[in-house]
Amino acid sequence: MDGSGIELDRTVLDAITDPLLHILRNCVDHGIETPQERESNEKSPIGTISFTAYGVGDQVAIKIEDDGRGINTDRLKAKAVEKKLITQDEADKMSIDEAINLLGTPGLSTAKEITDVSGRGVGMDVVITQVEAVGGNVKITTDHGKGTTIILTIPLSVSIIGGLLINVSGDKYVLPLSSISTTVVVEANQIKSIHGQEAIVLREQVVPLVRVSKLLGMQEIESNDTNKITIVIVNKGGKPYGLVVDSYDRKQEIVIKRLNNETHSSDLFTNATILGDGSVALILDPALLV
């Protein structure tokens, strides 16, 4: 092992512990051959698995290498055909890299039997999913008879916030929980116009309203119940403001993905997140909205 003194955020460490253990078990169980088999292939009877961590920009790469038998891509393709994941024709046309990508398919394991050492029937797809959940990626290369190299590239730290999932004009957005004081549903006739500004009175306080769909330049969707208006109350500078939304779903912890490209980020959001179903939701900043 060579860690090069690299430090990682505790959240990232926790997220990659299981994937690393799983990869190590796989190297031992699938990769390293028996001493007799190794000697017949003119290798040292003792197998070697090395873990190396090194910095790549603002990310860290963890390389796991073994000098075992490598991944049998033909067996991998045969297994995928057997499980009806691909056709025989597709398998015949696949390159080695494309065959290795099959490892990310759920339920595909080439182990003849499940042992205590290997992943106990858990496939590489779980490893890839867990690493991608913290914004990382997995690259696998193999040389048949010589060994396999797996490189995990992961961010040094992950920003996780509590967020409220809101619906605006058919799209999902996230509001940080830290800025929300409460949510209310009011009758349409409770909305007053004060100096041309929509507002409601909540707990004897005038709360100006901001229609999020209008601010985002989106078409307002007519709800089934036009009398009920959903409002998320946020605080800015000690004053309450009401954000008018179509509805809200639930609160959940989300991983922040920074939008690097300045041309695509707007004044209203600079971050996004990936939801459980794989869709992207922009994180709105209430302070900028109001």
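Which strand does strand 2 pair with in the antiparallel sense, and over how many bridges? Keep that in mind as you click around; what you have open is a predicted model.

**Stop 1: the central pairing.** Select residues 59-66, which are strand 2, and then residues 147-155, which are strand 4. There's your answer: these two pair in the antiparallel sense over eight bridges. Want a single pair to look at? Pick Ile-62, and you'll find its bridge partner, Leu-152, over in strand 4.

**Stop 2: the whole sheet.** Now add the other strands. You should have four of them in an open sheet, ordered 1-2-4-3, with antiparallel pairing. Strand 1 (49-56) and strand 3 (137-143) are the edges, and each of these pairs on one side only. Ignoring direction, neighbouring strands here are turned by 15° against each other on average. A bit of background: strands of a sheet pair through backbone hydrogen bonds.

**Stop 3: the helices on top.** Select residues 10-31 to light up helix 1, which packs on the sheet and touches strand 1, strand 2 and strand 4. The direction of helix 1 makes about 15° with that of strand 2. Next, try residues 124-133: this is helix 6, lying across strand 3 and strand 4. Helix 6 runs at about 140° to strand 3.

**Stop 4: a patch on the surface.** Finish by selecting Ile-6, Tyr-54, Val-56 and Leu-156. Together they form a nonpolar patch on the surface, with about 280 Å² of accessible area. Zoom in on Tyr-54, which sits in strand 1. Tyr-54 has a relative accessible area of 30%, so it counts as partly exposed.

Conventions. Residues are numbered from 1 along each chain as its sequence is written. This is a predicted model: local features need pLDDT of at least 70, side-chain atom pairs count only at pLDDT 80 or more; totals for chains, interfaces and linings use all residues. Side-chain values use heavy atoms; hydrogens and water are left out. Two strands pair if DSSP finds at least two bridges between them. Helices (H or I, at least four residues) and strands (E, at least two) are DSSP runs, numbered from the N terminus. Axes are lines fitted to C-alpha atoms, for helices over the stretch in contact, and angles run from 0 to 180 degrees between N-to-C directions. Contact means heavy atoms within 4.5 Å. Patches are made of residues with over 30% relative accessible area and no salt bridge: like charges are joined within 9 Å, nonpolar side chains (Val, Leu, Ile, Met, Phe, Trp, Tyr) within 5 Å. Accessible areas come from the Shrake-Rupley method with a 1.4 Å probe; for residues, only the protein chains shown count as cover. A salt bridge is a side-chain nitrogen of Lys or Arg within 4 Å of a carboxyl oxygen of Asp or Glu. Buried means under 20% relative accessible area, exposed over 50%, partly exposed in between (1.4 Å probe, protein chains only).
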